[in-house]
Amino acid sequence: MAAALALSERSRGRTAPNPNVGCILVRDGRVIGRGWTQPGGRPHAEAMALAQAGEKSRGATCYVTLEPCAHVSPRGPACADLLVAAEVARVVVALRDPDARTDGQGIARLRDAGIRVETGLLEAEARRAMAGFLTRHAKRRPFVTLKLATSLDGRIALASGESRWITGPQARAHAHLERARHEAILVGRRTWEINSPRLDVRLAGLEARAPRMLVLSSTGAIKSPADIATLVGVDHLLVEGGAETAAAFLCHGLVDRLLLYRAPILIGAGKPALGDIGLARLGDAHHHWQLRDARQLGSDRLEVYAST
């Protein structure tokens with residue numbers, strides 16, 4: 001299942017409105033098929049893995065990160081039906097599908113066909129891997145990641161506005177990889193006008209995965225943070241700044257994940273990373289964020305936090 005989850009990450013940011021699912025087929029202790037949801041949502045992970053395995057699928061075990069779909073689409077057959085037709089012996093599912101068209105029905109169809117089904121393996125990890133799809137279903141909006149690149153004293157630029165570069169090349173490369181995992185990227189109007197950021201992906205081989213560019217502006221399509229709910233085909237949104245835009249998303253409780261890149265430099269009287277987030281008491285600042293990852297990127301430090 002861990003391998004299936006790793007495969008699912010390959011298509012994060014490219015499958016909306018479908019989930020980014022991963023699938024592994026195993027028979028006699030050997031992997032016979034691998035699949036992950038393809039760009040645009042089709043083929044599904046199970047279809048890809050079954051096509052690769054062919055006749056070897058009979059009697060195999062399928063590890064899949066989300067319950068196989070039970071609804072027939074003009075774009076392809078139901079994965080539960082494909083697994084039944086392939087005569088797999090066992091299906092291990094990480095997470096039940098919240099989509100009402102499948103929710104429990106895929107598992108029931110497999111069991112009715114005599115296939116042994118087990119659920120819940122690495123469920124928490126699957127929820128993190130498919131956070132965009134799950135957030136869209138639960139909250140009717142994209143999963144939002146806020147990225148901040150700061151000095152040790154929490155500044156994002158000199159007082160003059162100079163900000164290139166706060167962090168080093170390894171941290172910037174990681175930030176570009178994050179961009180490639182999102183359907184859209186958003187900045188505030190002032191950041192757009194002052195810095196003219198490219199907001200693309202400058203990593204060899206991933207240039208085509210640049211996200212859709214959005215500007216938070218009173219005259220644009222996104223006039224307030226709440227307007228992100230109207231975005232079509234966007235399940236993962238990366239917010240890159242500036243300080244007032246970041247604060248606005250935090251004030252509205254719309255940040256699910258925080259990427260904090262910190263460079264070992266001191267700036268002093270520069271521009272702060274955040275504007276006013278409406279905090280009235282220091283005690284209210286606690287217990288909102290949980291550390292999920294920390295690593296060194298060259299001379300810089302990355303910390304990843306999840307909203308609790």
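## A guided tour: helices, pockets and loops

Let's start where α2 passes α3, in a left-handed crossing. What you have open is a predicted model, so take each stop as part of a prediction.

**Stop 1: α2 beside α3.** Select residues 45-53 for α2. Add α3, residues 79-86. The axes of α2 and α3 come within 9 Å and cross at roughly 25°. That makes α2 roughly parallel to α3, because angles under 35 degrees count as roughly parallel. Now show the side chains that make the contact: Glu46, Ala47 and Leu50 on α2, facing Cys79, Leu82, Leu83 and Ala86 on α3. By class, this contact has 6 nonpolar residues, no polar ones and 1 charged.

**Stop 2: α3 beside α4.** Keep α3 on screen and select α4, residues 105-112. Here the axes come within 9 Å and the crossing angle is roughly 15°, so α3 and α4 are roughly parallel to each other. Which hand does the crossing of α3 with α4 have? It is right-handed. The residues to highlight are Ala80, Asp81, Leu83 and Val84 of α3, along with Gly106, Arg109 and Leu110 of α4. They divide into 4 nonpolar, 1 polar and 2 charged residues. Leu83 may look familiar: this α3 residue also takes part in the contact with α2.

**Stop 3: the largest pocket.** Next, turn to the largest pocket, with a volume of about 1,200 Å³. To find its centre, select Ile156, Thr191, Asn195, Glu240 and Gly242, the closest to the centre of the 43 residues in the lining. Then colour the elements that each supply at least two lining residues:

- the helices α7 (169-180), α8 (189-195) and α9 (243-251);
- the strands β6 (143-150), β7 (155-157), β8 (184-188), β10 (236-241) and β12 (271-272).

Colouring the lining by class would give you 18 nonpolar, 14 polar and 11 charged residues.

**Stop 4: the second largest pocket.** This one holds about 1,000 Å³ of space. Which residues lie closest to its centre? Select Arg12, Arg128, Ala129, Arg257 and Arg292, out of a lining of 38 residues. The elements giving two or more residues to this lining are α1 (2-8), α5 (123-129), α6 (131-139), α7, β13 (289-297) and β14 (300-307). Of these, α6 provides the largest share, with 6 residues. The lining as a whole is made up of 17 nonpolar, 7 polar and 14 charged residues. If you left α7 coloured from the previous stop, it serves here too: α7 supplies at least two residues to the lining of the largest pocket and two or more to this one.

**Stop 5: three backbone details in loops.** Finally, zoom in on the backbone.

- Select alanine 16 and proline 17: the peptide bond from one to the other is cis, with omega near 5°. Proline 17 sits in the loop between α1 and β1 (22-27).
- Move on to arginine 42 and proline 43, where the peptide bond is also cis, with omega near -10°. Look for proline 43 in the loop that runs between β2 (30-36) and α2, the helix from the opening stop.
- End at arginine 140, in the loop between α6 and β6. Its phi is near 60°, a positive value in a residue other than glycine. You have met both neighbouring elements already: α6 at the second largest pocket, and β6 at the largest pocket.

Note on methods: Residues are numbered from 1 along each chain as its sequence is written. This is a predicted model: local features need pLDDT of at least 70, side-chain atom pairs count only at pLDDT 80 or more; totals for chains, interfaces and linings use all residues. Side-chain values use heavy atoms; hydrogens and water are left out. Axes are lines fitted to C-alpha atoms, for helices over the stretch in contact, and angles run from 0 to 180 degrees between N-to-C directions. Helices (H or I, at least four residues) and strands (E, at least two) are DSSP runs, numbered from the N terminus. Angles under 35 degrees count as roughly parallel, over 145 as roughly antiparallel, 65 to 115 as roughly perpendicular and the rest as oblique. A crossing is left-handed if the near helix is turned anticlockwise from the far one by less than a right angle, and right-handed if clockwise. Contact means heavy atoms within 4.5 Å. Ala, Val, Leu, Ile, Met, Phe, Trp, Tyr, Cys and Pro count as nonpolar, Asp, Glu, Lys and Arg as charged, and the others, Gly among them, as polar. On a 1 Å grid over the protein atoms alone, a cavity is a set of points where a 1.4 Å probe fits but cannot get out, and a pocket is an open set with protein on both sides within 12 Å along at least five of seven lines; lining residues have an atom within 4 Å of a point. Grid points are joined across faces, edges and corners, and a volume is the space filled by probe spheres set on the points.
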